[in-house]
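Please look through the sequence and the structure shown below before reading on. The report that follows takes up a few parts of the structure in turn.

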Amino acid sequence: SIEKHRKNNLSLSSLLNKLGAKPKKINKIGAAAISLKIIQGNVCFASTADGAFMFACGFDDNSFVVYDVAQGKIYDTIREHQNIVSCLALDENKEKQKTILVTGSYDKSVLVWRVQIKKTGSNNTAEAVAATSSLEITCVHKLENQLAGITCVDVSLQSGIIVCCSLDGIVNVYNASTGDHLRMLQPYVDKAMRERRNEQLKQHKQRHLQQLEIQRRNHEDD
């Protein structure tokens, strides 16, 4: 029963207190939680192949962050978009020694970033991560062919393309090197599918407003 489960939890907490155990510290990437406006949180994170750095977005201040895994802290906070950064993707090509990060936003734009990681130390993976000295990130292209906010992005250096999808269901394909627009794909959407999609967006908006109201009430209570 619920009451039994509650008693068990209390007993466990009491036991941990007696043993002097402390709750495990949870590492956070970024100063704030993911925005309630984000539809798909799973597209808000990426990491370098060696695990040295992580990238996270989805914050209400329109930023995305670079997180230094070895140091356990934020390495850099970048604000270039005019609305929430809703998604990002990373790809690396070891042969060409090239790393590209792509960020998409509800401001309808996609930014392409060149990432350079300078390392010192041995070739051992664990030591190389710990010896990471610096990361440089530079915006090289701004892709603005979209008519609605961006929901997801992907990049393939091997194929040389960047793909992004927006809220209107349109997919745009770009050249990853030059930023040139290659193709627009507009899937067929029948009336029933459009109505289901609109209902999903309506429900998401309602949940968002409800959560904001709960947060407001909790803040007033505090």
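Is E136 buried, partly exposed or exposed? In this model, which is predicted, E136 has a relative accessible area of 36%, and because a residue counts as buried under 20% and as exposed over 50%, E136 is described as partly exposed.

## Salt bridges

Side chains of opposite charge can pair when their charged atoms come close. The structure holds four such salt bridges, and E136 takes part in one of them, where its side chain meets that of K118 at 3.4 Å, N to O. This pair links distant parts of the chain, since K118 belongs to strand β7 and E136 to strand β8 (residues 132-143), with their positions 18 residues apart in sequence. K118 is partly exposed as well, with a relative accessible area of 45%.

Another of the salt bridges joins R79 to D61, and here the closest N and O atoms are 2.9 Å apart. R79 lies in the loop between β4 (73-78) and β5, while D61 lies in the loop between β2 (53-56) and β3 (64-68), so this pair ties together parts that are 18 residues apart in sequence. D61 is partly exposed, with a relative accessible area of 35%. There is also a salt bridge between E144 and K142, with the closest N and O atoms 3.6 Å apart; E144 counts as exposed at 56% relative accessibility, whereas K142 counts as partly exposed at 48%.

## The hairpin of β6 and β7

Strand β7, which holds K118, runs antiparallel to β6, and six bridges join the two strands. Within this pairing, G104 has V110 in β7 as its bridge partner. Together β6 and β7 form a hairpin with four residues between them, and in the turn K108 has a positive phi of about 80°.

## The largest pocket

Which elements give two or more residues to the lining of the largest pocket? The space in this pocket comes to about 460 Å³, and 14 residues line it, among which E92, K94, Q97, T99 and K119 are the closest to its centre. The elements that contribute two or more lining residues are β5 (85-93), β6 (98-105) and β7 (110-119), with β7 providing the largest share, five residues. By character, the lining divides into six charged, five polar and three nonpolar residues.

## The cavity

The structure holds one cavity of 30 Å³ or more, and the volume of the largest cavity is about 50 Å³. Its lining is made up of I38, I39, Q40, V43, S86, Y106 and T151, of which four are nonpolar, three are polar and none is charged.

## A sheet of four strands

Strands of a sheet pair through backbone hydrogen bonds, either parallel or antiparallel. In this structure an open sheet of four strands follows the order β9-β10-β11-β12, and the pairing is antiparallel. β9 (150-156) and β12 (181-185) stand at the edges and each has a single partner strand, so one side of each is left without a neighbour in the sheet. From one strand to the next, the twist averages 15°.

The pairing at one end of this order can be followed in detail. Strand β11 (residues 171-175) pairs with β12 in the antiparallel sense over four bridges, and N172 stands opposite M184 in β12.

Note on methods
Residues are numbered from 1 along each chain as its sequence is written. This is a predicted model: local features need pLDDT of at least 70, side-chain atom pairs count only at pLDDT 80 or more; totals for chains, interfaces and linings use all residues. Side-chain values use heavy atoms; hydrogens and water are left out. Two strands pair if DSSP finds at least two bridges between them. Axes are lines fitted to C-alpha atoms, for helices over the stretch in contact, and angles run from 0 to 180 degrees between N-to-C directions. On a 1 Å grid over the protein atoms alone, a cavity is a set of points where a 1.4 Å probe fits but cannot get out, and a pocket is an open set with protein on both sides within 12 Å along at least five of seven lines; lining residues have an atom within 4 Å of a point. Grid points are joined across faces, edges and corners, and a volume is the space filled by probe spheres set on the points. Ala, Val, Leu, Ile, Met, Phe, Trp, Tyr, Cys and Pro count as nonpolar, Asp, Glu, Lys and Arg as charged, and the others, Gly among them, as polar. Buried means under 20% relative accessible area, exposed over 50%, partly exposed in between (1.4 Å probe, protein chains only).
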